[in-house]
Amino acid sequence: MAGSANHSPYLSKPYQMGLFRLSHRVVLAPMTRCRALNGIPQQANVEYYAQRATEGSFLITEGTLVSPKAGGFPHCPGIYNQAQIDAWKKVVHAVHAKGGIIFCQLWHVGRASHQVYQPSDDPAPVSSTDKPISGKWRILMPGGKYGTYPRPRRLATAEIPVIVEQFKQAAVNAIQAGFDGVEIHGAHGYLIDQFLKDGINDRSDTYGGPLPNRIRFLRELVQSVISAIGPGRVGVRVSPAIDHLEAQDSDPLSLGLAITEMLNALQQSAGEKLAYLHITQPRYTAYGQAEAGRYGSPEEESRLIRAWRDAYEGTFIASGGFTLELGEEAVACGAADLVSYGRLFISNPDLPERFRINAGLNRYVRSTFYTQDPVVGFTDYPFLGERREHSRL
């Protein structure tokens, strides 16, 4: 493809993300894929990430569990025991062999779980609250069917530092596995977001009520992780305006600004910037569809993102429903430094090159997103110029 016209002049530009020199601005977004059998990455995971790695590319793994209580999907990987660490080493080695950079996303789903995913001696999922997710939402069960979310157990104040320590140890484990850094998953209605959003957090202790209290859990987590592995190897993902899994906030603009101001203060105190802040566009919804007008207008959505982007002192990654054209526009106008892609990167392992030359895209097959097949819907999407066919196309 050498010499082909560049149809993504902004996304194809190199970028210095703190410690890391990126050759382009198309990021592999973190996406649950359910192929890590019994919580341990397999050879299929090695191939999947290696397929999407190129010289100077930036990849973020699927959500990776920080403890045995952190999960809420079948066959999600963990990073809390030695077998998991050893398995991730193979993934990281394959990505590094192709010149890529890879962060491990650290995840705890909180109340977005079910007893079947919890240890038998402590079967209730934990959260900031004891309010369950309503029956409007369904949880994917191990057999492929969907069930209802149970009532969670409200974390005692004294338990919260234990979870902070789990994230810190998971970050240390990720570095031991060879990862270049970690992303703290504070978005999309999972545990950290359950503390951030006033539509969920009904606590009366120092982790609930006014904004400084609701962002305290995230602040302590970030502080703990950067103390262990350094600010430049830590990214943070949040979604102040997303109501996925009923994670609603009465004032998303102020919530986002409080988060950015807190992260700025941590950077100043540390004397080094975090790797990045990663924020999902408001148009993201539970099923990955654009929901026109959810926040009044596209202009209102842009206003929110721009306010957070302008407030944050560091690399800003935007995600959520981006196309080539929308990604180009975001970088061109300064609304983002980098753009992360999910569904399009699932079906197009060479997405940055396809964007560069404006090649056609393989369509993704949603029904294979969360299966356990090690090939179908995972590693069988063709590269440019390949004749092999995806099994479900």
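Let's start with Ala70, which lies in the loop between β4 (58–65) and α2 (82–97). Do keep in mind that this is a predicted model. Two other residues, Cys34 and Asn358, join the tour for their backbone angles: Cys34 has a positive phi of about 60°, and Asn358 has one of about 55°.

**Ala70 and its surroundings**
- Is Ala70 buried or exposed? Ala70 counts as buried because its relative accessibility is 0%, and the cut-off for buried is under 20%.
- Which residues does Ala70 touch, once neighbours within four places in sequence are left aside? Its contacts are Leu65, Trp107, His108 and Val109.
- For a sense of distance, the C-alpha atom of Ala70 is separated by 30 Å from that of Asn348. Along the chain, these two residues are 278 residues apart.

**Positive phi angles**
- As background, most residues other than glycine have a negative phi.
- Cys34 is not a glycine, yet its phi is positive, at about 60°.
- Asn358 is not a glycine either, and its phi is positive at about 55°.

**Where Cys34 and Asn358 sit**
- You will find Cys34 in the loop between β3 (26–28) and α1 (43–51).
- Cys34 has a relative accessible area of 0%, so it is buried.
- Asn358 belongs to the segment after α11 (351–357).
- How accessible is Asn358, and what is its relative accessible area? Asn358 is partly exposed, with a value of 44%, because partly exposed covers the range between under 20% and over 50%.

Note on methods
Residues are numbered from 1 along each chain as its sequence is written. This is a predicted model: local features need pLDDT of at least 70, side-chain atom pairs count only at pLDDT 80 or more; totals for chains, interfaces and linings use all residues. Side-chain values use heavy atoms; hydrogens and water are left out. Helices (H or I, at least four residues) and strands (E, at least two) are DSSP runs, numbered from the N terminus. Buried means under 20% relative accessible area, exposed over 50%, partly exposed in between (1.4 Å probe, protein chains only). Contact means heavy atoms within 4.5 Å.
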